Amino acid sequence: MHKTVPQTSARQVRSLALSGILTGFTVLSLYLESIVPTGRAGFYVLTSFLLSALFLETGMKWMLGAYAASAALAFLVVPDKVGLLPFVLLFGIYPALKNVVERIGRLWLEWVLKLAGFNVLLAVGYALFAPMLPAALSGTATLWAVLALEVGFIVYDLLFTQWIHFYFDRIAPHIRRDQR
């Protein structure tokens, strides 16, 4: 009896290659975040942008695979394991979440869901790290810190939207030109 080998399509090969490349850049970005003295938040944002490009080119399945692979590889090579939590809890998965929420089509509901999700993640982070936080972050200081983080999240989401427009306008035509 002769077994046939499943054929791998050019699209699957392209998706795998792109996933590998962007996973590598994501892990590199997370490594740099752990060693540079300033600008660390920018590396988290970069990871989101990299994974969103993968999502836009290959779809949810490949992006989630790259997210999982990036997190696993980063835990092996990045010296600051605690510094990976923002990626694992928010920045790495946000491209998929943003896509799902923005399919609703009601701007006010999208923002309510985004902010609610962000606040749940903040609550989880606070519960995990409350013993390590300075005493100055209690009472009204905590409220101000949460408000500042929410404003930062809103700015991040707006920048993310601009990134997606930039990607479709400037980057995607060059990538997709090679597929014709």
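# Getting to know an all-helix chain

User: α3 and α5 pack at an angle of about 150°, and their axes are 10 Å apart. Does that make the two helices roughly parallel or roughly antiparallel?

Analyst: Bear in mind that we're looking at a predicted model. Angles over 145 degrees count as roughly antiparallel, and α3 and α5 sit at about 150°. The pair is therefore roughly antiparallel.

User: And which class of residue makes the contact of α3 with α5, nonpolar, polar or charged?

Analyst: From α3 come M60, M63 and L64, and from α5 come P95, A96 and V100. Sorted by class, the contact has no polar residues and no charged ones. What it does have is 6 residues that are nonpolar.

User: Let me zoom out. What pattern does the chain follow along the sequence?

Analyst: The secondary structure comes to 7 helices and 0 strands. Read along the sequence, the pattern is α-α-α-α-α-α-α.

User: How much of the chain is buried?

Analyst: The C-alpha atoms fill a box of roughly 70 × 40 × 35 Å along the principal axes. To count as buried, a residue needs under 20% relative accessible area. Out of the 180 residues in the chain, the buried share is 32%.

User: Which residues touch the most other members of the largest nonpolar core?

Analyst: In soluble globular proteins, nonpolar side chains tend to be buried together. Here the largest nonpolar core has 31 residues, and the elements giving it two or more residues are α1, α2, α3, α4, α5 and α7. The members that touch the most others are L30, F87, F160 and W163.

User: F87 caught my eye. Which residues of α1 listed as buried is F87 in contact with?

Analyst: Skipping neighbours within four places in sequence, the contacts of F87 include Y44, L51, Y67 and I93, as well as T26 and L30. Now check the buried residues of α1: T26 and L30 are both listed there. So the match, by way of the contact list and the buried list, is T26 and L30.

User: Which helices do the buried residues of α1 pack against?

Analyst: The buried residues of α1 include S15, L18, L22, V27 and E33. One of them, L18, touches L54, E57 and T58, leaving out residues up to four places away in sequence. As a set, the buried residues of α1 pack against α2, α3 and α4.

User: How far apart are the end C-alpha atoms of α1, and what span should its residues give?

Analyst: α1 has 26 residues, and the estimate uses 1.5 Å a residue. Its end C-alpha atoms are 38 Å apart, which agrees with the expected span of 38 Å.

User: What about α2, how far apart are its end C-alpha atoms?

Analyst: At 1.5 Å a residue, the 19 residues of α2 should span 27 Å. After α2 comes G59, with a positive phi near 110°. The end C-alpha atoms of α2 agree with the expected span, at a separation of 28 Å.

User: Last one: is A123 buried, partly exposed or exposed?

Analyst: A123 is found in helix α6, where the buried residues are E110, K114, F118 and G125. Its C-alpha atom lies 9.6 Å from that of V146, 23 residues away along the chain. Buried needs under 20% relative accessible area and exposed needs over 50%. With 47%, A123 is therefore partly exposed.

Key: Residues numbered from 1 in each chain as written. Predicted model: local features only at pLDDT ≥ 70, side-chain atom pairs only at ≥ 80, totals over all residues. Heavy atoms only, no water. Core = buried A, V, L, I, M, F, W, Y, C linked by side-chain atoms within 4.5 Å. Buried < 20%, exposed > 50% of the residue type's maximum accessible area, 1.4 Å probe, protein only. Helix = DSSP H or I, 4+ residues; strand = E, 2+ residues; numbered from the N terminus. Contact = heavy atoms within 4.5 Å. Expected span 1.5 Å × (residues − 1). Axes fitted to C-alpha atoms, helices over the stretch in contact; angles between N-to-C directions. Parallel < 35°, antiparallel > 145°, perpendicular 65-115°, else oblique. Nonpolar A, V, L, I, M, F, W, Y, C, P; charged D, E, K, R; others polar.
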